[in-house]
Amino acid sequence: MGQPTNRVFSGVQPTGNLHLGNYLGAIRKFVALQDSHECIYCVVDLHAVTADLVQKDLQNQTREIAAAFIASGIDPKKHIVFNQSQVREHSELAWLFNCVARMGWLRRMTQFKEKAGKDSENASVGLFTYPNLMAADILTYRATHVPVGDDQKQHLELTRDIAAKFNNDFAERIAALGHGDSYFPLTEPVIEGEATRIMSLRDGSRKMSKSEPSDMSRINLTDSSDDIAKKIRKARTDPEPLPDNLDGLKERPEADNLVSIFAALSEVSSEEVLRQYGGKQFGEFKPALADLAVEKLAPINREMRRLMDDPAGVDAVLKEGAEKAREIASVTLSEVRDIFGFIG
Ligand code: TYM
């Protein structure tokens, strides 16, 4: 079997508080890629236990991400939607990648440093090797494209380094077993558009994040329309009116963020938003942004609720997706075992 040429893989962690950054930076792109690519979208529950071992309600959090995928427009009949822990091959390949990746590569990962904080001696080993599992997620399917937000860029570079080292170190066996001159693709990140890095509504220097204690810092996909409007009304801004060009947004991170969100939600450029709102006060811009956010998010929110009312239905989608995923994953792992030279 040759390598696939247009296969997309991406994942979202079921750690609660799925937010607008996840939607605009990732999930909405997942939806767009469905027409042109074979897509595999995964709720990465094994990753969810790397930071906090005990998750309060992992099953419902997992269902919520699957529901968000489907409510946003991903079609689980045409593509694959599943949760990671149901497909054991991810863990097996992650182990093998623990032996491919080098300590120095992982030590450079900024997300580990951020998440582990000052007390890195007390972080789980899983948090440290997290990027190897992520590489395994992608390469189990030999995916060629991975849509993500900007914060995952370094992890995708590591995925390419792992693929390249594997291809290089096993070059002779890969060729001898009939796989040509490389087995794993050098996966392309898909990080583009206005919303690759949505910032907190309370502090324009920090990323909008699931783990930020203040709920006012983010718009959750489960927020009611009233909550969305309230959070935008209370979003931090400066006292100046909006500028009429992009240069005027420099040094104004909060204004820049709200303009980017408006642009992404309305699918136009930030320049276009400034053409319309340049010179206007936030008193006028914020209500327009709130209306737009509610208009775009309320239907997703409604559909998520409807899906979540039938947990067994969501579980059935995940089970069926896992079966389809396993068909691909089992072939890859059997070939990889051969390349390593294991018996059986
Ligand atoms: P996670 O669950 O933190 O985030 C899911 C997706 O949302 C993007 N994202 C953002 N985009 C724009 N602005 C933001 N403020 C923002 N916050 C998050 C993330 O970049 C991501 O695309 N490691 C991954 C999950 C993962 C994965 C994978 C992704 C595991 N295996 C394989 C791709 C391929 C993560 O923590 O995502």
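## Close-ups of a predicted model: ligand site and helix packing

**View 1. Met208 meets the ligand through its backbone.** In this predicted model, a nitrogen atom of the ligand sits 3.0 Å from a backbone N or O atom of Met208. Gly21 also uses its backbone here: one of its N or O atoms there is 3.2 Å from a ligand nitrogen atom. With Gln152, look to the side chain instead, where an N or O atom lies 3.0 Å from a nitrogen atom of the ligand.

**View 2. The wider surroundings of the ligand.** Zoom out a little and you'll find 28 residues around the ligand. Tyr130, Asp137, Asp151, Ile198 and Lys210 are the closest of them.

**View 3. Helix H1 crossing helix H3.** Here's H1, residues 20-33, against H3, residues 58-72. Their axes come within 9 Å and cross at roughly 60°. An angle of that kind falls outside the 65 to 115 degrees that counts as roughly perpendicular, so H1 and H3 are oblique to each other. The crossing of H1 past H3 is right-handed. On the H1 side, look for Tyr23, Ile27, Phe30 and Val31; they meet Ala68, Phe69 and Ser72 of H3. Sorted by class, that contact has six nonpolar residues and one polar one, with no charged residues.

**View 4. H3 again, now with helix H14.** H14 covers residues 311-340, and H3 packs on H14 at about 75°, the two axes being 10 Å apart. That angle makes the pair roughly perpendicular. From H3, the contact takes in Thr62, Arg63, Ala66 and Ile70. Facing them from H14 are Pro311, Val314, Asp315, Val317 and Leu318. Count by class and you get six nonpolar, one polar and two charged residues between H3 and H14.

**View 5. Helices H11 and H12 side on to each other's chain path.** H11 spans residues 253-266 and H12 spans residues 270-277. Their axes lie 8 Å apart, and the packing angle is about 105°. So H11, too, is roughly perpendicular to its partner, H12. Val259, Ser260, Phe262 and Ala263 are the H11 residues in the contact, while H12 brings Ser270, Val273, Leu274 and Tyr277. By class, the H11 and H12 contact holds six nonpolar and two polar residues, and no charged ones.

Conventions. Residues are numbered from 1 along each chain as its sequence is written. This is a predicted model: local features need pLDDT of at least 70, side-chain atom pairs count only at pLDDT 80 or more; totals for chains, interfaces and linings use all residues. Side-chain values use heavy atoms; hydrogens and water are left out. Axes are lines fitted to C-alpha atoms, for helices over the stretch in contact, and angles run from 0 to 180 degrees between N-to-C directions. Helices (H or I, at least four residues) and strands (E, at least two) are DSSP runs, numbered from the N terminus. Angles under 35 degrees count as roughly parallel, over 145 as roughly antiparallel, 65 to 115 as roughly perpendicular and the rest as oblique. A crossing is left-handed if the near helix is turned anticlockwise from the far one by less than a right angle, and right-handed if clockwise. Contact means heavy atoms within 4.5 Å. Ala, Val, Leu, Ile, Met, Phe, Trp, Tyr, Cys and Pro count as nonpolar, Asp, Glu, Lys and Arg as charged, and the others, Gly among them, as polar. A residue is near a molecule or strand if one of its heavy atoms lies within 4 Å of it. A polar contact is a pair of N or O atoms within 3.5 Å; within protein, one must be able to donate a hydrogen and the other to accept it, and residues adjacent in sequence count only if both atoms are side-chain atoms.
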